[in-house]
Amino acid sequence: MTDLIVGEHRCFGGRVLYCEHSSAVTRCRMRFSLFLPPAAEEGRVPLLTYLAGLTCTEENFTTKAGAYRKAAELGLALLAPDTSPRGENVPDDPAYDLGQGAGFYVDATRDPWQEHFRMETYITEELRRLVLDAFPVDGARLGLFGHSMGGHGAITLYLKNQDIYTSLSAFAPIVAPMNCPWGQKALSAYLGEDRESWRRYDSCELMRALGAATDRPEILIDQGLADSFLENQLKPHLFEEACRAVGQKLTLRRHEGYDHGYFFIQTFMDDHLRHHAALLE
């Protein structure tokens, strides 16, 4: 465990760890932060993974989300990975919405991206197993949440891995990447122009493919109505319609005056942590 840790800070009786490791999946060095609540000193605790949005690193959630006081109280470990592979030998693009900082939580199948940009496998397999092996977290109590591009990642990875993840929530997620400029640009670059291959990374398509909900847990989404990306990029009503079509329980809360940033996320963070704690107890 100590080989992973490059920084440590005491916080609300727990510990914030900054970690770095060499990834066999992304073929570069990867960074993440991990908050361990005081309860982790007594035994294994539930693990909630936060996936951040475009341009973010592990630092955005760690310093801006205001999550650790409530996580310490609820006994939740919080994992915040970087959003993409990085480094001099990792391909990039001048635009903010492609390449480094914009991994979109997919496994790329096109050059020059496919060698390094395998964020789906990295999150759900390599990083998950690394953290479970190295830290006192409970592999049977795992949840996902995220923001924007990371909300897209959280929803899609959750829907495709029902045997791994128990709880889900999101802040202002991209729910229909097949039908928005951010998603169309990323999916065409990483996967090619065959739109059939895009379906496995579209939350609306995945929800419909799951079919009728029986005992799937409720999903929580918060969306600011002053979000400049709401109509063109996020389109939460499409996911609402997909959930309704299969009987999936969804709480989609729309908030007047709130934008796309971390002040919005801070405001409703405690609600999300309580949502996950109830499902992961």
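Trainee: What makes up the secondary structure of the protein chain?
Mentor: In this predicted model, where local features need pLDDT of at least 70, side-chain atom pairs count only at pLDDT 80 or more and totals for chains, interfaces and linings use all residues, the secondary structure comes to nine helices and nine strands, helices being DSSP runs of H or I with at least four residues and strands runs of E with at least two, numbered from the N terminus. Residues are numbered from 1 along each chain as its sequence is written, and side-chain values use heavy atoms, with hydrogens and water left out.

Trainee: Why does the radius of gyration of the protein chain agree with a compact globule?
Mentor: The rule, 2.2 Å times the number of residues to the power 0.38, with the radius taken over C-alpha atoms, gives a value near 19 Å for 281 residues, and the protein chain has 17 Å, which agrees.

Trainee: What makes a residue of H9 count as buried?
Mentor: The term requires under 20% relative accessible area, with a 1.4 Å probe and protein chains only; in H9, the buried residues include Tyr262, Phe268 and Leu280. Of the 281 residues of the protein chain, 59% count as buried.

Trainee: Where does helix H9 bend?
Mentor: Helix H9, residues 262–280, bends by about 50 degrees at phenylalanine 268, the bend being the angle between axes fitted to the seven residues ending there and the seven starting there.

Trainee: How many contacts, as a percentage of those between residues at least 6 apart in sequence, join residues at least 24 apart?
Mentor: With contact meaning heavy atoms within 4.5 Å, the share is 71%.

How values were computed
Buried < 20%, exposed > 50% of the residue type's maximum accessible area, 1.4 Å probe, protein only.
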